[in-house]
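Me: I have some questions about the terms used for this model, and I would like each label tied to its criterion. Please go through them one by one.

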Amino acid sequence: MRTWIKSPLAISVSERIDAGNGVVVQEDHIEELVKTGSKPQREIDSIIDASDQVVLPGLINTHHHYYQTLTRAAPDSLNKGLFPWLKSLYPIWAGLTEEMIHVSTQLACVELMRSGCTTSADHHYLFPHAVNEALDIQVEGVKQVGIRSMLTRGSMSVGINQGGLPPESTIQDEETILNDCERVIGKYHDASPGSMLSIALAPCSPFSVSRELMLETRKLAQKHNVKLHTHLAETEDESNYCIEKLGCRPLQYLEEVDWLNDNTWLAHGIHFNKTEIAKLGQAGTQISHCPTSNMMLGSGHCRVLDLQESGSPVGLGVDGSASNDCSNMIQEVRQAFLLNRLHYGADRFGHIEALNLATSGSAACLGRTDIGEIKVGSQADLAMFKLDELSFSGAGDPLAALVLCNAHKVHNLMIAGKWKVQEGDFLDTDINALQTRHEYLAQKLQSAA
Ligand SMILES: [Zn+2]
């Protein structure tokens, strides 16, 4: 089956490439880029007229906590910085059930897909007693909605009684954590090209995990060749915690536990000094930039261009839905555009730089070379936007308009050559039923705490 996505209004490809007359998709990959004024070289089975749509490589989210969709705008968490915000939410999250994880995973994924996201990484680190096999439940959820996924087996092992931040009811012992990490890698991790599901290991943060667990997790990741992920350098409070309790700044800690390398991607990466940025670049460690969350919690600004210039790839993440509080990737591109433009100036950070974070930058974070770019041989992951809303009326450059004029929703979405959204409608998921159940469970969770 060969489909020609014909004559797009605009298409996001490298400057050197002419794909003015669209792309041909065969099975799960892009087979041909069609030059302006040309036709596909081989026979075509179907044609999609894209003359009123902007075509992007599917956007890639590199950091999320899907379960947090159940606690958006939670009253007790409002107007707080990271540590007090976490302390207000941990007791609520401790009540998570298996069904809540399943439904919140699905809801977050369809919310992302509707905004142009075709691959997403989730960081699940909460394993209350009722949900020992949270990753298995998430696997089921992501498969049902059909999004390409990186699921990270997160962990917390240092509770309040040992000087950490989370309550005891949300942590696990380290042997249980490591055994389960190995189990889910063996059961689900697929490293082949075009993989729809891979697993990474993700101890939560310096203030909820021990030095030993960081070291053991690193060994396990090396043994199975999977990626490592954690939160780092998000706030000044975290830096102070590290100095006081661990005897060094966050980056030195990362180095001491043998995580400073190109197999690691870090969420946030804000509070690094010049020397630390140079070290990160030299190591090739990647950063997931989460602009909305950073602004929401008042955490600070990730120095995106400095990191890129030093050699660290930077991707984009919406972060959990209790600190965003939405999972909208194209909106996150706009946030990154505005925040970095404020910091670096209008001539240094444009809409292309912002879009690149969510595509090629994010692909680098997840260690993928088969997604994040429209090129021959890439996976056919495409996000197509129609510029027919009021906010686009009168727009000149269609690609810039997506970012500048406030795009929210895709018209069509393709993942691995299969349509997931067509003319605005989800083909495989009953969105209304999902939302009703999610709202019920969110209320139940919040009222139980
Ligand atoms: Zn996070």
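Me: What makes the crossing of α2 and α3 right-handed or left-handed?

Reply: In this predicted model, α2 passes α3 in a right-handed crossing. The label applies because the near helix is turned clockwise from the far one. The two helices pack at an angle of about 35°, and their axes are 8 Å apart. Helix α2 spans residues 98–114, and helix α3 spans residues 134–145.

Me: Which residues of α2 and α3 make the contact?

Reply: From α2 come E98, I101, H102, T105, Q106, C109 and V110. From α3 come A134, I137, Q138, E140, G141, V142, Q144 and V145. By class, this contact has seven nonpolar, six polar and two charged residues. Gly counts as polar in this scheme, and G141 of α3 is part of the contact.

Me: Why is T3 called buried or exposed?

Reply: T3 has 22 C-beta neighbours inside 10 Å, so T3 counts as buried. The cut-off for that label is 20 or more. T3 sits in strand β1, residues 2–6. Leaving aside neighbours within four places in sequence, T3 is in contact with V25, D45, S46 and I48. The C-alpha atoms of T3 and V24 are separated by 5.5 Å, although these residues are 21 apart along the chain.

Me: What makes Q331 partly exposed?

Reply: Q331 has 19 C-beta neighbours inside 10 Å. Buried would need 20 or more and exposed 12 or fewer, so Q331 counts as partly exposed. Q331 lies in helix α11. Beyond four places in sequence, Q331 is in contact with S115, C326 and H408. Q331 and V403 are 72 residues apart in sequence, with their C-alpha atoms 7.7 Å apart in space.

Me: How do you know whether E15 is buried or exposed?

Reply: E15 has 6 other C-beta atoms within 10 Å. Exposed means 12 or fewer, so E15 is exposed. E15 lies in the loop between β2 (10–11) and β3 (22–26). E15 and L56 are 41 residues apart in sequence and 14 Å apart in space, C-alpha to C-alpha.

Me: What is notable about phi of N79 and of E423?

Reply: Most residues other than glycine have a negative phi. Phi of N79 is near 60°, a positive value in a residue other than glycine. Phi of E423 is near 50°, also positive in a residue other than glycine. N79 is in the loop between β7 (59–61) and α1 (82–93), while E423 is in the loop between β17 and β18 (425–426).

Me: Why are N79 and E423 called exposed?

Reply: N79 has 9 other C-beta atoms within 10 Å, and E423 has 8 C-beta neighbours inside 10 Å. The limit for exposed is 12 or fewer, so N79 counts as exposed. By that limit E423 therefore counts as exposed too.

Me: What makes the bond between N324 and D325 cis or trans?

Reply: The bond is cis, with omega about -5°. Most peptide bonds are trans. D325 lies in the loop between β14 (314–316) and α11 (329–344).

Me: How do you know where the largest nonpolar core lies with respect to the domains?

Reply: Domain 1 (2–57 + 377–426) and domain 2 (59–365) both give residues to this core, so the core lies between them. Of its 132 residues, V23 and V333 touch the most other members. Helix α2 gives the most to the core, with nine residues. Not counting residues up to four places away in sequence, V333 touches L316, A354, L355, A358 and V403.

Me: Which elements supply the side of domain 1 that touches domain 2?

Reply: 24 residues of domain 1 are in contact with 23 residues of domain 2. On the domain 1 side, β6 (53–57), β15 (382–386), α13 (398–404), β16 (412–415) and β17 (418–422) each supply at least two residues. The largest share of that side, five residues, comes from α13. The residues of that side divide into 16 nonpolar, four polar and four charged. The C-alpha centres of domain 1 and domain 2 lie 30 Å apart.

How values were computed: Residues numbered from 1 in each chain as written. Predicted model: local features only at pLDDT ≥ 70, side-chain atom pairs only at ≥ 80, totals over all residues. Core = buried A, V, L, I, M, F, W, Y, C linked by C-beta atoms within 7 Å. Helix = DSSP H or I, 4+ residues; strand = E, 2+ residues; numbered from the N terminus. Domains from an automatic or database assignment. Contact = placed C-beta atoms within 7 Å. Axes fitted to C-alpha atoms, helices over the stretch in contact; angles between N-to-C directions.
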